[in-house]
Every structure is written in structure tokens, then in C-alpha cells.
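Dear colleague,

I am passing on the structure below, and would be glad if you could look it over before reading my notes on it.

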Amino acid sequence: MTESANPSFTGFPNVRMRRLRTHTKLRDMVRETELNPRDFVLPLFVRHGENKRVPIESMPGHDQMTIDHLAAEVEKIELLGIPAVLLFGIPETKDAIGSDACDDNGIIQRAIRAIKETGSNLLIMTDVCFCEYTDHGHCGIVNDKHGQPDVDNDATLEILVQEAVSHAKAGTDVIAPSGMMDGMIAALRAGLDDAGFENIPLLSYAVKYASAFYGPFRDAAESAPQFGDRRTYQMDPANGREALREVELDVSEGADMLMVKPALSYLDVISNVKRAYPEIPLAAYNVSGEFSVVKAAAANGWIDEKRTALEILTSIKRAGADMIITYHAKEAADWLAE
Ligand code: PBG
């Protein structure tokens, strides 16, 4: 073919990008990003009570489950090759300081022990925060310092340490603080070390935005703020450069792993954080609303759920995430095994 007869000619020699796309096996061989069930962390909601699975309406396929259901659930998760769960608790009673969160017999502490007692080798990550445990639904102690109620940063650090140490005593493997308090990583590292838990890693929700995509989670965890919102501690979705300051601080305070949350609307942030700290494992949280929009569209027959979910998860990994916390973990692991 002469140069002029080839309208797609893009240089010398005759470059054709499509050559590598013609054979399905070659496409497989040149694929840059490959999802693996090993990349996934599955969030689980553990509730008080007995022998109950309460479906979470806005998150099809997910339930609040009582502790007695955990053993069977964990077995399924391990069979799918998913290495880790992230536990959230829904306590029987809430109060102003979220006491259940720090109680050695609290819902999460009992859930951790129940999973460990099965002999399972599943990695347990626990979310360390207060919004599921406080009656006001905020992520820490609320004080009325300047005529306006707000979460008291330093008072919250103290109870965060109590909560984390209590999780560690129950046997958690990874502590994931999500409250966006300043200094939380330094405080938790010191507190855990003092209590003899110097080997428990901290996965910091370093970059967490005040996002509308958390809506379904707040139904699931019964943790919607009863007044105001979380904008005085979570980040403004408009800010990308600020994410690098958050990350730099958490790294200097001793974070072992970092997280960007949500994932899909923040792929640029994931990419920038990975570039700034390629040596630090990076998690991305594909949050509840990101899951529910896919489910809702699929239920209407408007998109192909499998292809859409796998495309989203692949894009999150391609952006730079080393692990993905996702409500699609079980289905995606199944699809990948097909
Ligand atoms: C806070 C926490 C939240 C999520 C995880 N940890 C909610 C919030 O900040 O309001 C949201 C996760 C999701 O939407 O899937 N403990």
C-alpha cells in the first residue's frame, strides 16, 4: 500500500495501532492492567442481635448481618479468593461519645473475635471512626466551642486511640482510621505502640472527600449526621492538590498504607498520590454510591453490570490503586473466574 492510499498513515514506518488489536490472544498478552480477586477488600456490616440478615435496600446483595452469620460468610469470601474484609459495626445503642466503639465487648470487637475463632486466615481490616456509634452521627466528640457545634479534633484523637487499641486487643489485623481528624495517624501509631501493638499496620483514609456518593452507606451503617454535614473535616471535592498535603502529613506521621475515597470521581487524585508515593501501598474505596448507581442502571436494563463493574474496577487499578475496597468484590471475583 502506498502512503497516499493509506488514510490512517501516522508516521514512518507505517504505524497502525490496530495491529495489536486483531487477535484476541495478542490483546490478552499486551493488556497493561489485570484485575485479580487478590486486589479486593469486601466491606461487611455487622449488626447487633441474633440470626438476622437485614437487606440494605440501596445496596442490592448486601445485608447488615449478625455475628452468627459471619462464619459462613467468611468461608464464601475465602473460597472466592478475596483476601480481606473491612468491618463496620451497627451497635445496639448509640450515645454522644460512641461508647460501643471503645468497648472490648462492642459489636466490632465481638465480630473480630468471631471471625478469628473460625480459624480463618482472612485479613481483617477495621474502620476506626465514630459516626456509626454516636447518636449525632458525627465522626467524633462534638463540642460547642464557638457557638457552633463542631467535632473537637484533639478530644476525638484520644477516643480514637482507645477504639483502635480495643480493636487490636480483639485481634484485628489492620486499623483503618476514616474520621479525617488532623494528627490521627501520629496519635494512633503512638497509642498502638504504647499498648504493644507495634506490628499492626495503619491504612489511613488519608484523602477522604465530603462526597454525596456515601448516601447508601449511611443507610447501611445508620450513620447519617443528625445535624450539619461533614465538610469541616472531610475534603472539598474540588480540591486535588490539597490531597497531596494530606498524604504527605500521614506519611510523615507513620501511615503504612494510604487510601483515596471515593475512587471513580477521583481517579486523578489516585494517580497523583501513586506518583508522589509509588513505594507506599495505595487503596481506593469504590464507595457505596458508586456501587448503587451501577446496580440501579443494571436493574433497569440500561447497562451491562458485569462489563461496567469490571471496567470501573480496572480503571481504578489502572489509575494506580494497589487494592480496591469494593461492594462488587464477590461478584467481580466470580466474573474473573469465569
Ligand atoms: C466513616 C465512613 C464512611 C464510609 C466509610 N467510612 C461514611 C462517611 O464518611 O460518611 C463510606 C463508605 C461508602 O460510602 O461506601 N466511618
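**The ligand and its surroundings**

A polar side-chain atom of Asp 127 lies 3.2 Å from a nitrogen atom of the ligand, and an N or O atom in the side chain of Ser 178 is likewise 3.2 Å from a ligand nitrogen, while on an oxygen atom of the ligand the partner is a polar side-chain atom of Gln 234, at 2.8 Å (a polar contact being a pair of N or O atoms within 3.5 Å). Of the 400 Å² of accessible area that the ligand has on its own, the protein covers 100% (areas by the Shrake-Rupley method with a 1.4 Å probe).

This is a predicted model, in which local features need pLDDT of at least 70 and side-chain atom pairs count only at pLDDT 80 or more, whereas totals for chains, interfaces and linings use all residues. Residues are numbered from 1 along each chain as its sequence is written, and side-chain values use heavy atoms, with hydrogens and water left out.

The ligand is surrounded by 18 residues, the closest being Lys 208, Arg 218, Lys 261, Ser 288 and Tyr 327 (a residue counts if one of its heavy atoms lies within 4 Å).

**Backbone and overall form**

Lys 261 is also joined to Pro 262 by a cis peptide bond, with omega at about -10°, and Pro 262 is placed in the loop between β10 (257-261) and α8 (267-276). Met 180, in the loop between β8 (174-177) and α5 (184-194), has a positive phi of about 60° although it is not a glycine. Most residues other than glycine have a negative phi, and most peptide bonds are trans.

The protein has 11 helices and 12 strands (DSSP runs, with helices H or I of at least four residues and strands E of at least two, numbered from the N terminus). Its C-alpha atoms fill a box of roughly 75 × 45 × 40 Å along the principal axes.

Best regards

Note on methods. A polar contact is a pair of N or O atoms within 3.5 Å; within protein, one must be able to donate a hydrogen and the other to accept it, and residues adjacent in sequence count only if both atoms are side-chain atoms.
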